[in-house]
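Trainee: I've got a model open and I'd like to learn how to read its features one by one. Can we walk through it together?

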Amino acid sequence: MTAPDRRAVATPPADSLLALVGGTPLIRLARSAPAAEVHAKLEYLNPGGSVKDRAALAMVLDAEESGALRPGGTIVEGTSGNTGLGLAQVAAARGYRSLFVLPDKTAVEKLDALKAYGAEIVLTPSALPREDPDHVIAYATRLAKETDGGWLADQYGNPANPDVHRRTTGPEIWEATGGRITHLVATIGTGGTITGTGQYLHEVSGGRVQVVGADPVTSAYGGGDGSPFAIEAAGHYIHPETATDVFPDVYRRDVIDRFLTIADRESILTARALARTEGLLVGGSSGTAAAAALRVAAEAGPDAVVVAILPDSGRAYLSKYHSDTWVRRQGFLDDDREGTLAGLVSDVVTVPVGTSVGEARSALESSGQPALPVVLAGRSSRFSPAAGEVLGLLSIADLAGPADAAVPVPSTPPVGIGSGETAAEALERLGPDAEVVHLVRDGRLAGVLTVGALRAQVG
Ligand code: PMP
């Protein structure tokens with residue numbers, strides 16, 4: 001007997017792919033949470049591949065209506081990827097030019113997808129303070145002004161972003177659960193999704209639905225120190241030289257009843273587990289949301305109906321979260337086999353960029369380390385220097401200059417080795433000239449060791 005084909009339902013043709021934005025399904029995470037009711041809202045089934053299709057389409061339609069975007073105009077935005085994809089898709093389908101400013105660390109798959117839609121791209125350094133004129137948002141704002149017929153979508157300040165979630169995402173979830181939802185779990189990038197969806201669900205349930213913000217541990221939204229984290233497109237990082245930090249205008253803190261902070265390791269391993277146990281290939285922020293939803297369900301008991309919004313697909317992150325090599329080199333997976341470098345993890349003395357040579361020399365000498373990492377952290381940064389990105393490794397020979405000069409910073413950051421690698425794997429990819437390397441665990445600096453010490457591990 002063959003299984004009945006439950007999908008054999010004719011759907012009339014759509015006039016435009018834009019008619020297919022939204023209306024995404026919920027799926028129960030039955031294998032991950034067999035004793036609870038946890039549903040995932042699959043936003044990767046939008047035609048552009050993410051939750052941002054909704055905001056992109058809504059912002060463009062709104063700008064057409066107000067006259068801010070005219071026929072033949074250019075859509076400009078600063079975006080880490082998904083909003084760009086949504087806007088590029090709308091631009092192609094409605095005959096606009098599109099121009100995007102992206103941080104240079106954006107996954108290459110996302111850049112290529114934008115180009116495939118015919119979009120033009122400008123890259124800017126990822127690690128810039130907000131006040132810098134080349135910061136993604138400042139740069140995009142300038143480009144929109146300088147471009148004839150340019151219109152800045154401005155997902156961070158455009159009310160059409162949260163509004164579309166109030167009109168669509170919220171009602172879809174309410175209807176799909178027959179009004180039974182008790183908890184909404186979502187990550188926060190611009191805050192559009194959680195703000196709009198949360199506001200609707202609060203209103204319609206008379207305040208019964210709890211809105212849970214799922215946030216990377218160090219993200220500033222959930223009270224973290226703003227230091228770097230590995231989850232793309234969600235959370236709030238604060239560059240150490242940012243003087244006055246602001247949250248996006250569209251984000252409403254008061255809609256969130258509770259934050260759950262999720263370590264990068266848990267987010268990433270959850271995203272990987274969803275692929276293997278549920279057949280859901282999703283991105284890192286989906287891992288953050290799902291991990292938080294599973295925790296909420298475990299706490300709230302069998303009567304809870306938890307809905308997690310999974311913003312995008314794992315297809316864009318095959319070389320990151322879903323790559324065994326990447327997770328081992330970043331030290332997000334280091335306890336699943338014998339012989340990893342996890343046992344070498346140690347505290348590290350570091351200096352922030354701009355430290356004087358004299359100060360660095362005495363720091364290195366008293367540390368007993370084979371080298372001194374210089375990190376992207378300011379003296380006034382909210383996070384401890386060891387949490388900053390490693391810019392260089394300084395040996396005593398690098399610190400031979402005048403004592404009052406600033407420490408030298410190499411033009412390219414050093415290659416680290418991951419706590420999930422074995423010594424043999426790490427050695428194989430280090431060049432013959434390497435003498436000292438830094439160890440990375442959970443995406444962060446977790447040791448400095450000589451290549452000799454690494455060789456000794458191989459035995
Ligand atoms: N996850 C991913 C992958 C995203 O692209 C975004 C959008 N930046 C978010 C989460 C957060 O969505 P929002 O901007 O609506 O807060």
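Trainee: Where does aspartate 154 lie?

Mentor: Keep in mind that this is a predicted model. Aspartate 154 sits in the loop between strand 6 and helix 5. Its backbone is worth a look: phi is positive, about 55 degrees, although the residue is not a glycine.

Trainee: Is aspartate 154 buried, exposed or partly exposed?

Mentor: Burial is read from the relative accessible area, where under 20% is buried and over 50% is exposed. Aspartate 154 has 30%, so it counts as partly exposed.

Trainee: And what is the phi of aspartate 442?

Mentor: Aspartate 442 also isn't a glycine, and its phi is positive at about 55 degrees. Look for it in the loop between strand 15 (436-441) and strand 16 (444-450). With 25% relative accessibility, aspartate 442 is partly exposed.

Trainee: Back to strand 6, then. Which residue of interest has its place there?

Mentor: Tryptophan 151, in strand 6 (residues 150-152). Its relative accessibility is 8%, so tryptophan 151 counts as buried.

Trainee: What is tryptophan 151 in contact with, leaving aside its neighbours within four places in sequence?

Mentor: Among its partners are Met59, Val60 and Ala63, along with Leu69, Ile75, Val76 and Asn158. To get a feel for distances, try leucine 29: tryptophan 151 is 122 residues from it in sequence and 41 Å from it in space, C-alpha to C-alpha.

Trainee: Met59 belongs to helix 1, doesn't that bring us to helix packing? How are two packed helices described?

Mentor: You give the angle between the two axes and the distance between them. Take helix 1 (residues 52-66) and helix 5 (residues 160-176): the angle is about 125 degrees and the axes are 8 Å apart. Since 65 to 115 degrees is called roughly perpendicular and over 145 roughly antiparallel, helix 1 and helix 5 are therefore oblique to each other. Their crossing is right-handed.

Trainee: Which residues make that contact?

Mentor: On the helix 1 side, Lys52, Arg54, Ala55, Ala58, Met59 and Asp62; helix 5 brings Ala160, Asn161, Val164, His165, Arg167, Thr168, Thr169 and Glu172. Sorted by class, the contact of helix 1 with helix 5 has 5 nonpolar, 4 polar and 5 charged residues.

Trainee: How do helix 1 and helix 2 cross?

Mentor: The axes of helix 1 and helix 2 (residues 82-94) come within 8 Å, and the angle is roughly 50 degrees. That makes helix 1 oblique to helix 2. The crossing of helix 1 and helix 2 is right-handed. Helix 1 contributes residues including Ala56, Leu57, Met59, Val60 and Leu61, and helix 2 residues including Gly86, Leu87 and Val90. By class, the contact of helix 1 with helix 2 has 7 nonpolar, 4 polar and 4 charged residues.

Trainee: What about the angle between helix 7 and helix 8?

Mentor: The axes of helix 7 and helix 8 cross at roughly 95 degrees and come within 7 Å. Helix 7 and helix 8 are therefore roughly perpendicular to each other. Glu266, Ser267, Thr270, Ala271 and Leu274 of helix 7 meet Gly284, Gly287, Thr288, Ala290, Ala291 and Arg295 of helix 8. The class split for the contact of helix 7 with helix 8 is 4 nonpolar, 5 polar and 2 charged.

Trainee: Now the cores. Which residues touch the most other members of the largest nonpolar core?

Mentor: Of its 27 residues, those are Val38, Val185, Leu274, Leu280, Val282, Val306 and Leu310. Elements that each supply at least two residues of this core include strand 2 (37-42), helix 7 (264-278), helix 8 (284-300) and strand 10 (305-310). The largest share, 7 residues, comes from helix 8. Beyond its neighbours within four places in sequence, valine 38 is in contact with Ile27, Leu29, Ala293, Leu294, Ala297 and Val306, among others. There's also a second, separate core of 25 residues, which includes Met59, Ala63, Phe100 and Trp151.

Trainee: One last residue: is histidine 202 buried or exposed?

Mentor: Buried, since its relative accessible area is 19% and the cut-off is under 20%. Histidine 202 is in helix 6 (residues 192-204). Not counting residues up to four places away in sequence, histidine 202 touches Gly207, Val209, Val211, Val255 and Asp257.

Terms used:
Residues are numbered from 1 along each chain as its sequence is written. This is a predicted model: local features need pLDDT of at least 70, side-chain atom pairs count only at pLDDT 80 or more; totals for chains, interfaces and linings use all residues. Side-chain values use heavy atoms; hydrogens and water are left out. Axes are lines fitted to C-alpha atoms, for helices over the stretch in contact, and angles run from 0 to 180 degrees between N-to-C directions. Helices (H or I, at least four residues) and strands (E, at least two) are DSSP runs, numbered from the N terminus. Angles under 35 degrees count as roughly parallel, over 145 as roughly antiparallel, 65 to 115 as roughly perpendicular and the rest as oblique. A crossing is left-handed if the near helix is turned anticlockwise from the far one by less than a right angle, and right-handed if clockwise. Contact means heavy atoms within 4.5 Å. Ala, Val, Leu, Ile, Met, Phe, Trp, Tyr, Cys and Pro count as nonpolar, Asp, Glu, Lys and Arg as charged, and the others, Gly among them, as polar. A nonpolar core is a set of buried Ala, Val, Leu, Ile, Met, Phe, Trp, Tyr and Cys residues joined through side-chain atoms within 4.5 Å. Buried means under 20% relative accessible area, exposed over 50%, partly exposed in between (1.4 Å probe, protein chains only).
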